[in-house]
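Biologist: I've got a model open and I'd like to practise reading it feature by feature. Could you walk me through it?

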Amino acid sequence: MVALILFLHAKAQVAIGKDELSKIQPANTVTNPNISLEFYDSADNKKGMVLPWTSTVNDQPVAYNSTTGTGYRGMQGTIENGTFIFDLSDKNVKYRKDGAWFNLTNVTYPVNVIRADNSTVTLSANNTLDTSLQDDKIESASAKVAIGTNANNDTTNGIMVLTDTDRAMVLPKVASPHLNIINPTPGMMVFDTVKQQLAVFNGTVWSFWKP
């Protein structure tokens with residue numbers, strides 16, 4: 001269960017944290033038509049995108065109450081390939097691939113982590129997460145944001161859906177997020193401009209991915 005506060009809105013292209021979408025080079029006057037969603041991307045950026053906190057397992061981390069609608073009952077309905085979540089049942093960032101969940105933060109403990117001050121600490125297990133802010137909230141089935149030219153007619157099951165098949169989302173860009181995002185939120189996702197890799201945070205450690 002996730003407490004949802006957004007309701008159905010539809011946009012063709014969206015920029016968050018910046019005045020406008022990126023322009024096409026070299027003229028730099030025409031909005032890039034290949035972008036669905038883009039975030040603030042200046043060199044000083046120290047913010048990332050946080051994925052929905054949900055659970056793929058019934059009654060975890062809090063038992064579902066069918067009377068009040070609170071707690072967690074596992075994800076319901078059709079789960080589309082390409083779905084990204086922060087799974088509270090095991091504290092991992094995951095995405096849906098070929099009808100199954102693929103773990104982006106499958107960390108083997110103990111693990112050595114570099115802190116912002118460049119010191120190293122050894123962690124033996126995932127940190128404990130406080131989910132109390134949303135544990136007693138009731139999910140709104142109608143909450144959804146759709147971005148794309150056909151967004152008004154989209155029926156995909158999701159809290160935020162990019163509907164176009166010829167556009168993509170540009171992740172927030174952060175230089176060395178493990179050093180520069182001082183208090184990252186579990187489920188955070190960014191593009192590391194130094195490593196040139198996808199970076200995700202599971203509440204304890206950053207994981208980096210590159211094709």
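Modeller: Happy to. Let's begin with charges: the structure holds eight salt bridges. Keep in mind that this is a predicted model.

Biologist: What is the general idea behind a salt bridge?

Modeller: Side chains of opposite charge can pair when their charged atoms come close. Here, take Glu38 and Lys18, whose side chains meet in a salt bridge at 3.3 Å, N to O. Glu38 sits in strand β3, while Lys18 is in the loop between β2 (14-16) and β3, so the pair ties together parts that are 20 residues apart in sequence.

Biologist: Are Glu38 and Lys18 buried or exposed?

Modeller: Both of them are buried.

Biologist: And with which other residue does Lys18 form a salt bridge?

Modeller: With Asp41, where the closest N and O atoms are 3.4 Å apart. Asp41 belongs to the loop between β3 and β4 (49-50) and Lys18 to the loop between β2 and β3, so this pair ties together parts that are 23 residues apart in sequence. Put together, Lys18, Glu38 and Asp41 are linked in a network of salt bridges. Asp41 counts as partly exposed, with 27% relative accessibility.

Biologist: Got another one to compare?

Modeller: Try Lys94 and Asp90, whose side chains meet in a salt bridge at 2.8 Å, N to O. Lys94 counts as buried at 9% relative accessibility, whereas Asp90, at 29%, counts as partly exposed.

Biologist: Let's move on to strands. How should I read their pairing?

Modeller: Strands of a sheet pair through backbone hydrogen bonds, either parallel or antiparallel. In this model there is an open sheet of four strands in the order β5-β6-β7-β8, with mixed pairing.

Biologist: Which are the edge strands?

Modeller: They are β5 (53-54) and β8 (100-103), each of which pairs on one side only. β5 runs parallel to strand β6 (residues 84-87), joined to it by two bridges. If you want a spot to click on, Thr54 has Asp87 in β6 as its bridge partner.

Biologist: I keep landing on β15. What should I look at there?

Modeller: Look at its partners. β4 pairs with β15 in the antiparallel sense over two bridges, and Met49 stands opposite Met189 in β15. Strand β14 (residues 173-174) runs parallel to β15, again over two bridges, with Lys173 partnered by Phe191. Strand β16 (residues 197-201) pairs with β15 in the antiparallel sense over five bridges, and Asp192 has Gln197 in β16 as its bridge partner.

Biologist: How many residues lie between β15 and β16 in their hairpin?

Modeller: Four, and in the turn Gln196 has a positive phi of about 60°.

Biologist: Why is β15 largely enclosed by the rest of the structure?

Modeller: Because four of the five residues of β15 (residues 188-192) are buried.

Biologist: That brings me to the core. What's the principle?

Modeller: In soluble globular proteins, nonpolar side chains tend to be buried together. The largest nonpolar core here has 17 residues, and those with the most contacts inside it are Met49, Phe86, Leu88, Val93 and Met189. β3 (35-39) and β11 (145-147) each supply at least two residues of this core. There's also a second, separate core of seven residues, including Val174, Ile181, Ala199 and Trp206.

Biologist: Which residues is Met189 in contact with, leaving aside neighbours within four places in sequence?

Modeller: Among them are Gly48, Met49, Leu51, Phe84, Val93, Leu171 and Pro172, as well as Leu198, Ala199 and Val200.

Biologist: And what about Phe208?

Modeller: Phe208 is in strand β17 (residues 206-209) and counts as partly exposed at 25% relative accessibility. Beyond its neighbours within four places in sequence, Phe208 is in contact with residues including Pro177, His178, Asp192 and Lys195. The C-alpha atoms of Phe208 and Lys195 are 8.4 Å apart, with their positions 13 residues apart along the chain.

Biologist: Last thing: how do I read the chain as a whole?

Modeller: Start with the inventory, two helices and 17 strands. The radius of gyration is 18 Å, close to the 17 Å that the globule rule gives for 211 residues, so the chain is as compact as a globular protein of that length. Buried residues make up 36% of the 211. Of the contacts with a separation of 6 or more, 51% are between residues 24 or more positions apart.

Key. Residues numbered from 1 in each chain as written. Predicted model: local features only at pLDDT ≥ 70, side-chain atom pairs only at ≥ 80, totals over all residues. Heavy atoms only, no water. Pairing = 2+ DSSP bridges. Core = buried A, V, L, I, M, F, W, Y, C linked by side-chain atoms within 4.5 Å. Buried < 20%, exposed > 50% of the residue type's maximum accessible area, 1.4 Å probe, protein only. Contact = heavy atoms within 4.5 Å. Rg over C-alpha atoms; globule rule 2.2 N^0.38 Å. Salt bridge = Lys/Arg side-chain N within 4 Å of Asp/Glu carboxyl O.
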